[in-house]
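Subject: Structure for you to look at

Hello,

Here is the structure I said I would pass on. My notes follow below it; please read them with the coordinates open.

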Amino acid sequence: MDENIVWHNYATTKAQRSEQKKHKPAILWFTGFSGSGKSTVANALEAALNQQGAHTYLLDGDNVRHGLCKDLGFSDEDRIENIRRVGETAKLMTDAGLLVLTAFISPFRAERDMVRNLVDDGEFIEVFIDTPLDVCESRDPKGLYKKARTGEIKHFTGIDSSYEIPSNPEIILDTSKNTLDQSVTQLITYLKQKHIIG
């Protein structure tokens with residue numbers, strides 16, 4: 001790092017920002033195959049949290065590739081950089097006292113752990129959407145699996161690129177078995193048990 005770059009401390013602290021919001025900051029990191037339900041569950045959870053007065057922001061894989069990560073492709077190297085950028089953004093948002101929801105395939109364990117290590121203990125909540133690949137492929141909401149099977153898309157997770165299952169996620173959901181309401185309820189219950197929300 002350039003020796004002329006110096007970290008500035010602020011008069012307002014993370015604790016003060018959190019106190020103002022009446023809940024603790026955290027990152028809920030939704031990971032799983034394309035079509036597993038990450039964005040759907042994260043979106044529904046954010047709506048439920050918003051109704052309860054929580055201060056939230058949802059970072060979605062497709063959305064950040066329209067701006068923050070629009071210069072990146074889908075090679076392993078670009079996927080790693082994509083998650084690094086999102087992780088640093090989520091860290092800043094937790095410093096602002098927010099509950100940050102992220103919906104990314106994020107196939108590599110090392111990158112998810114890297115984000116976990118950016119924030120304080122208990123602030124990274126890995127939500128593994130453990131929906132079977134065949135179910136995800138049968139849904140194929142964007143037609144991506146079909147393109148991957150014909151070779152039109154390369155480096156597609158679950159087809160010709162690997163997905164490393166979380167070793168010890170805080171929450172496991174299977175959207176082929178749970179309804180959307182059941183998934184949101186499970187997440188809200190966890191956040192209350194951990195005293196992140198009241």
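UniProt, in an unreviewed entry, places the feature "active site" at Ser106. Please keep in mind that this is a predicted model. Ser106 sits in the loop that runs between strand 3 (99-103) and helix 5 (109-116). Its relative accessibility is 4%, and because the cut-off for buried is under 20%, Ser106 counts as buried. Setting aside residues up to four places away in sequence, Ser106 touches Trp29, Phe30, Thr31, Ile83, Arg112 and Tyr163. With one of these, Trp29, there is a polar contact of 2.9 Å between the side chains. The backbone of Ser106 is also worth a look: phi is near 40°, a positive value in a residue other than glycine.

The same unreviewed entry type supplies a domain record. UniProt annotates residues 25-174 as "domain: APS kinase". Across residues 25-174 the chain is 39% helix and 17% strand, and the C-alpha atoms at the two ends are 25 Å apart.

Next, the helix pairs. Two packed helices are described by the angle between their axes and the distance between the axes.

Helix 4 (residues 76-95) and helix 5 have axes that come within 9 Å and cross at roughly 15°. Helix 4 is therefore roughly parallel to helix 5, and the crossing is right-handed. On the helix 4 side the residues that meet helix 5 are Ile80, Ile83, Arg84 and Gly87; on the helix 5 side they are Glu111, Met114 and Val115. Ile83 thus appears in two places, since it meets helix 5 and is also on the contact list of Ser106.

Helix 2 (residues 38-51) and helix 8 (residues 180-193) also have axes that come within 9 Å, here crossing at roughly 60°. That angle makes helix 2 and helix 8 oblique to each other, and this crossing is right-handed. Helix 2 contributes Thr40, Val41, Ala44, Leu45, Ala48 and Leu49, which meet Leu180, Ser183, Val184, Leu187, Ile188 and Leu191 of helix 8.

Leu49 of helix 2 comes up again with Thr56. Thr56 is in strand 2 (residues 56-60) and is buried, with a relative accessible area of 16%. Leaving aside neighbours within four places in sequence, Thr56 is in contact with Glu46, Leu49, Leu98, Leu99 and Leu101. The side chains of Thr56 and Glu46 are joined by a polar contact of 2.9 Å.

What does Ile197 touch, not counting residues up to four places away in sequence? The list is His23, Leu49, Gln52, Leu99, Ile188, Leu191 and Lys192. Leu49 and Leu99 are also among the contacts of Thr56, while Ile188 and Leu191 are among the helix 8 residues that meet helix 2. Ile197 lies in the segment after helix 8 and is buried, with a relative accessible area of 8%. As a distance for reference, Ile197 and Asn63 are 134 residues apart in sequence and 26 Å apart in space, C-alpha to C-alpha.

His195 is found in the segment after helix 8 as well. Is His195 buried or exposed? At 59% relative accessibility, His195 counts as exposed, whereas Ile197 is buried. Like Ser106, with its positive phi, His195 has a positive phi, of about 60°, although it is not a glycine.

One residue remains, ahead of helix 8. Lys177 lies in the loop between strand 5 (171-173) and helix 8. Lys177 is exposed, with a relative accessible area of 68%. Lys177 and Lys38 are 139 residues apart in sequence, and their C-alpha atoms are 14 Å apart in space.

Those are my notes on it.

Regards

How values were computed. Residues numbered from 1 in each chain as written. Predicted model: local features only at pLDDT ≥ 70, side-chain atom pairs only at ≥ 80, totals over all residues. Heavy atoms only, no water. UniProt positions renumbered as here; feature names shortened; annotations may be inferred. Helix = DSSP H or I, 4+ residues; strand = E, 2+ residues; numbered from the N terminus. Buried < 20%, exposed > 50% of the residue type's maximum accessible area, 1.4 Å probe, protein only. Contact = heavy atoms within 4.5 Å. Polar contact = N/O pair within 3.5 Å; in protein donor to acceptor, adjacent residues only side chain to side chain. Axes fitted to C-alpha atoms, helices over the stretch in contact; angles between N-to-C directions. Parallel < 35°, antiparallel > 145°, perpendicular 65-115°, else oblique. Left-handed = near helix turned anticlockwise from the far one by under 90°.
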